[in-house]
Every structure is written in C-alpha cells, then in structure tokens.
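Here is a report on one protein model. It takes up strands and sheets, then cores, then pockets.

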Amino acid sequence: MKAFIIDRYGDNDTVRAGEMPEPVLREDDVLVQIHAASVNPLDLRIRGGELKLVLPYRLPLILGNDFAGVVVRVGPRVCRFKPGDEVYARPDQDRIGTFAQNIAVREDDLALKPRTLSMEDAASIPLIGLTAWQAFERARLKRGQKVLVHAGSGGVGTFAIQLAKHLGATVATTTSTANLEWVKALGADIVIDYKKSAFETILKDYDVVLDTQGGDVLEKSLQVLKPGGTVISLAGPPDPEFAKAISANWVVRLAMRLLSYRIRKRAQRARVGYSFLFMRPSGHQLREIASLIDSQVIKPVVDRVFPFEATKEALAYVDKGRAKGKVVIKVQ
C-alpha cells in the first residue's frame with residue numbers, strides 16, 4: 001500500500017512516499033480503508049525524534065495519528081463493526097500510521113464517525129477531541145469554573161473552547177491579533193492578544209489551564225491559577241505519573257522525574273497542580289464526541305485539505321504554526 005514514511009528522524013526532508021506492507025489483522029482488529037487523515041503537531045515531534053524516550057518506534061515508520069475511513073474487514077473477535085461502516089479513530093500510540101491507504105485498529109479504539117460530517121471533517125476530530133475531553137476530565141472541570149485555553153485558534157484550542165463552553169465554564173484564550181474575533185465566535189468569553197498583552201497580568205483565580213505551549217507559557221500559567229487549581233500540559237515535561245501510566249522502566253522514570261522536577265516544585269510552591277497529558281485512544285469517548293457533533297454542540301474547524309500526494313506540503317504548512325484549526329489530508 002502507498003504511505004508516507006520516515007527512515008530516520010529529522011526535518012521534512014526525511015519524509016518520503018513509498019510502498020509498505022498491508023497491515024496485519026489481529027483477532028480484535030478492524031481493517032479500515034483510510035479516506036482522510038489529519039496532521040497534528042505530534043506528527044512533527046515524532047518526525048523530529050523528540051519523543052524517542054517515550055515512543056521508541058522501529059523505523060521505517062508510517063506517520064499519522066488520526067483518521068476517518070471505511071471498514072474493509074474485521075477480526076473474528078470483533079462484534080461492533082462490519083464492512084462498510086464509516087468510522088474514525090486515534091489508533092494506539094504503538095500502532096500509528098494514518099498517512100497510508102489502510103490501517104488495522106483495535107475495536108475498542110474505533111467509533112462510528114459523526115454522521116453529519118464528511119470524511120475530511122471527521123478526520124480532523126479524533127486526536128484533538130480526545131485530548132480536550134481527557135484534559136477536562138482529569139481536571140474535573142465543572143459548570144461555573146474558569147478555564148484558560150492557550151492557543152485558541154489551534155487544533156486543540158478550537159475544540160477545547162467549544163467543549164468547555166458546553167460544560168458550562170467561563171473560557172479565556174490566547175491568540176494573535178488576526179484571530180481575536182474568530183475565537184470569540186467559537187465561544188471564548190475572554191480573548192487575549194498575546195502579541196500585545198501578558199495573559200498572566202490580566203487573568204487570576206482560574207480553576208484550570210490547558211497548556212499547549214510549554215516553556216515560559218507553562219510557567220507563567222501557574223500564576224493565573226487559584227490555590228487548588230490545575231494546569232494540564234500537552235507540551236511540558238512528562239511527570240512521574242505519566243511514566244507510571246506507560247509502565248516505563250526505572251531509567252525512563254528517573255529521567256521524567258528529573259525533567260519535570262522544576263515545574264512540579266514551582267506548582268507546589270504556588271499550591272496548584274501540574275499534570276502532563278498524553279492522550280490515550282478511546283472508542284467510547286469518540287462515540288460521546290460524535291453525539292455532541294451530530295447535535296451541533298461542537299463543530300469541526302478545518303483550515304485546509306491537501307491531496308494525499310501533497311502530504312509533505314501539509315506537514316510543512318502545519319510546521320509554520322499558522323493554521324486556524326486543523327489541516328487534513330484526503331487519502332482516497
């Protein structure tokens with residue numbers, strides 16, 4: 001089958017089109033013909049080798065972390081899907097590879113796609129939707145609380161703003177000047193132009209921060225939380241709880257403890273919590289998300305759709321960091 005592959009870690013020059021073997025179907029797997037896949041910052045981090053400590057992939061590796069498509073065949077233990085079903089998913093981190101014509105996915109990681117969406121729109125949802133869902137679930141976000149979502153015009157940001165409003169929270173976000181009114185239309189109550197204002201001097205007594213930036217933004221986010229508040233970070237250093245969750249060996253556990261020591265100590269001094277989130281697949285949560293989408297509670301935000309043969313160009317476009325919402329690759 002045709003796929004976009006890396007043979008070594010590096011920049012976009014390491015990505016090539018090539019032929020790869022058809023996926024092997026396990027007993028509880030579903031074989032899906034991919035119609036569309038989305039590009040995520042995670043793909044860039046995997047491409048560059050930034051996650052080798054956490055995700056030691058064997059090369060060559062097919063890139064891509066979420067998709068929408070049609071079921072072709074099912075394993076003998078599969079009971080919820082049949083050939084012809086239109087589905088979407090974020091595959092398990094050990095079995096990525098959605099920039100390809102086909103993929104084998106565990107039944108439990110798969111869900112019927114939202115019936116009101118095209119394949120391209122549906123493919124934009126799984127990774128960002130599950131990320132926002134699991135972040136707010138971990139933070140126990142409740143009606144009446146206040147949440148800061150960084151980078152409101154990005155993929156995770158556009159979904160998280162809508163989900164937080166649905167949960168009854170007051171939502172603040174950061175974005176550039178050009179996107180101020182646009183993210184307000186998504187539901188943000190307070191929008192801060194990060195080019196003109198320092199969010200940490202404006203916001204205070206927040207219950208939750210969803211950090212997608214890491215670095216200085218993460219550290220400054222501690223200042224806007226009230227005692228007992230929590231920052232959930234997608235870009236900060238992995239913490240000991242994450243190492244435990246992935247059953248890392250003692251060397252990796254020690255490395256993550258050391259990497260996250262500074263931010264954990266700063267959070268402790270501020271009497272707030274710090275938690276690193278690496279989203280996990282969940283067909284059950286995707287079914288819940290599909291229901292919200294079909295009810296018009298949440299709408300996908302797609303910036304551009306690239307043809308399959310332009311996958312490298314799609315990666316380069318996301319690498320520029322200017323996409324509003326998601327970038328999608330039309331495979332079929």
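## An enclosed strand

Strand 10 is largely enclosed by the rest of the structure, because five of its six residues are buried. The model is a predicted one. The strand spans residues 170-175.

Strand 10 has two parallel pairings. With strand 9, residues 146-149, it pairs over four bridges in the parallel sense. Leu 148 has Ala 172 of strand 10 as its bridge partner. With strand 11, strand 10 also pairs in the parallel sense, over four bridges. Here Thr 175 is bridged to Asp 193 of strand 11.

## The six-stranded sheet

These pairings belong to an open sheet. Six strands make it up, in the order 11-10-9-12-13-14, and the pairing is parallel. Strand 11 (190-193) and strand 14 (273-276) are the edges; each has a single partner strand, so one side of each has no neighbour in the sheet. On average, neighbouring strands of this sheet are turned by 15° against each other, direction ignored.

## The three-stranded sheet

Strands pair in a sheet through backbone hydrogen bonds, and the sense may be parallel or antiparallel. A second open sheet to consider has three strands in the order 2-1-4, with antiparallel pairing. Its edges are strand 2 and strand 4, each with a single partner strand, so one side of each is left without a neighbour in the sheet.

Strand 1 and strand 2 run antiparallel and are joined by five bridges. Lys 2 stands opposite Glu 19 of strand 2. The loop between strand 1 (2-6) and strand 2 (15-19) holds Asp 13. Is this residue, Asp 13, buried or exposed? Asp 13 counts as exposed, because its relative accessibility is 61% and the cut-off for exposed is over 50%. Asp 13 also has a partner in space from far along the chain: Lys 312 is 299 residues away in sequence, yet the C-alpha atoms are 8.6 Å apart.

## Strand 3 and its partners

Strand 3 covers residues 29-39 and is mostly covered itself, with nine of its eleven residues buried. Which strands does strand 3 pair with? Strand 5, strand 7 and strand 16 are among its partners.

Strand 5 (residues 67-74) pairs with strand 3 in the antiparallel sense over seven bridges. Val 30 is bridged to Val 74 of strand 5. Strand 7 runs antiparallel to strand 3, and five bridges join the two. In this pair, Leu 31 has Ala 104 of strand 7 as its bridge partner. Strand 16 pairs with strand 3 over four bridges, again in the antiparallel sense. Ser 38 is the residue opposite Val 328 of strand 16.

## Nonpolar cores

The largest nonpolar core has 109 residues. Phe 67, Phe 136, Val 147 and Ile 289 have the most contacts inside it. Helix 3 (residues 126-139) contributes the largest share of this core, eight residues.

Another core lies apart from it. This one has six residues, including Ala 3, Ile 5, Ile 62 and Ala 100.

## The largest pocket

The largest pocket has a volume of about 1,300 Å³. Its lining counts 47 residues. Those nearest its centre are Pro 41, Ala 151, Gly 154, Thr 212 and Gln 213. By class, the lining has 21 nonpolar, 16 polar and ten charged residues.

Which element gives the largest share of this lining? Helix 1 does, with four residues. Other elements supply at least two residues each, among them helix 4 (155-166), helix 7 (215-221), helix 12 (311-319) and strand 16 (326-330). Strand 10, the enclosed strand of the opening section, is also one of these contributors.

## The second largest pocket

The second largest pocket has a volume of about 640 Å³. It is lined by 24 residues. Leu 61, Ile 62, Asp 94, Arg 95 and Ile 96 lie nearest its centre. Ile 62 is also a member of the six-residue core.

Strand 4 (61-62) and strand 7 (102-106) each supply at least two residues of this lining. Strand 7 gives the most, three residues. The lining divides into 16 nonpolar, three polar and five charged residues. Strand 4 is also an edge of the three-stranded sheet, and strand 7 is a partner of strand 3.

Definitions and conventions:
Residues are numbered from 1 along each chain as its sequence is written. This is a predicted model: local features need pLDDT of at least 70, side-chain atom pairs count only at pLDDT 80 or more; totals for chains, interfaces and linings use all residues. Side-chain values use heavy atoms; hydrogens and water are left out. A nonpolar core is a set of buried Ala, Val, Leu, Ile, Met, Phe, Trp, Tyr and Cys residues joined through side-chain atoms within 4.5 Å. Buried means under 20% relative accessible area, exposed over 50%, partly exposed in between (1.4 Å probe, protein chains only). On a 1 Å grid over the protein atoms alone, a cavity is a set of points where a 1.4 Å probe fits but cannot get out, and a pocket is an open set with protein on both sides within 12 Å along at least five of seven lines; lining residues have an atom within 4 Å of a point. Grid points are joined across faces, edges and corners, and a volume is the space filled by probe spheres set on the points. Ala, Val, Leu, Ile, Met, Phe, Trp, Tyr, Cys and Pro count as nonpolar, Asp, Glu, Lys and Arg as charged, and the others, Gly among them, as polar. Two strands pair if DSSP finds at least two bridges between them. Axes are lines fitted to C-alpha atoms, for helices over the stretch in contact, and angles run from 0 to 180 degrees between N-to-C directions.
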